[in-house]
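Visitor: I am new to this structure and would like a close look at one part of it. Please take one helix and show how it sits in the rest of the chain.

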Amino acid sequence: MNDALRNLYQEVILDHGKHPRHFHKIDPCSHCREGYNPLCGDQLTLYINIREGIIEDIGFTGHGCAISMASASLMSQAVNGKTVAQATEMFKAFHHLLTAKDKDSGHEEKLGKLMVLAGVKEFPSRVKCATLAWHTLENIMHNAGNPAGTP
Ligand code: ZN
């Protein structure tokens, strides 16, 4: 990654960290879940309306470091209006981008703007900050397919 690109990525992260998009509660919502990253103290609550397999609205509240807030903000923009299947694919690609040892191509295509967080991989202690919102979302989506009470 060249310096100009790195600086641009940092600017986007700082901007989203300071002014997170979709930073609000959704009431009523079909699903909400809390996420917590004890390593850093990041805490967020994700609110989603899923109807007929489509994420119709998404918002979050909470507090944490710039990376956790920026990631939640960018994620909300990315998955809003997408199907649960599409969002699950994004989660997998994003998770792979930050955690996999091997280089996998095709991430740019799937992740678009989310690629600004690719540099977090160089800081293993911050990876959980960047994936917190995604794990929370994945948790909701995983359970959204199951009727309440079904293991
Ligand atoms: Zn953090």
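Guide: What follows is about helix α1 and its surroundings. The model is predicted, with local features needing pLDDT of at least 70 and side-chain atom pairs counted only at pLDDT 80 or more, while totals for chains, interfaces and linings use all residues. Residues are numbered from 1 along each chain as its sequence is written, and side-chain values use heavy atoms, leaving out hydrogens and water.

Helices (H or I, at least four residues) and strands (E, at least two) are DSSP runs, numbered from the N terminus. Helix α1 covers residues 3-18. The expected span of a helix is 1.5 Å times one less than its number of residues. For the 16 residues of α1 that gives 22 Å, and the end C-alpha atoms are 22 Å apart, which agrees.

Next come the two sides of the helix. Buried means under 20% relative accessible area, exposed over 50%, and partly exposed in between (1.4 Å probe, protein chains only). In α1 the buried residues are Tyr 9, Val 12, Ile 13, His 16 and Gly 17. They cover an arc of only 130 degrees around the axis, so they lie on the same side of α1; the arc is that of the directions from the helix axis to the C-beta atoms. An α-helix has 3.6 residues a turn, so residues three or four places apart point the same way. The buried residues of α1 pack against α2, where contact means heavy atoms within 4.5 Å. On the other side of α1, the exposed residues are Asp 3, Ala 4, Glu 11, Leu 14 and Lys 18.

Charged side chains come next. A salt bridge is a side-chain nitrogen of Lys or Arg within 4 Å of a carboxyl oxygen of Asp or Glu. By this rule there are four salt bridges. One of them joins Arg 6 and Glu 122, at 3.5 Å from N to O. This pair links distant parts of the chain, with Arg 6 in helix α1 and Glu 122 in the loop between α4 (107-111) and α5, 116 residues apart. Arg 6 is partly exposed, with a relative accessible area of 30%, and Glu 122 is partly exposed at 49%. In another salt bridge, Asp 15 meets Arg 21 at 2.8 Å, N to O. Asp 15 is partly exposed, with a relative accessible area of 32%, and Arg 21 is partly exposed at 27%.
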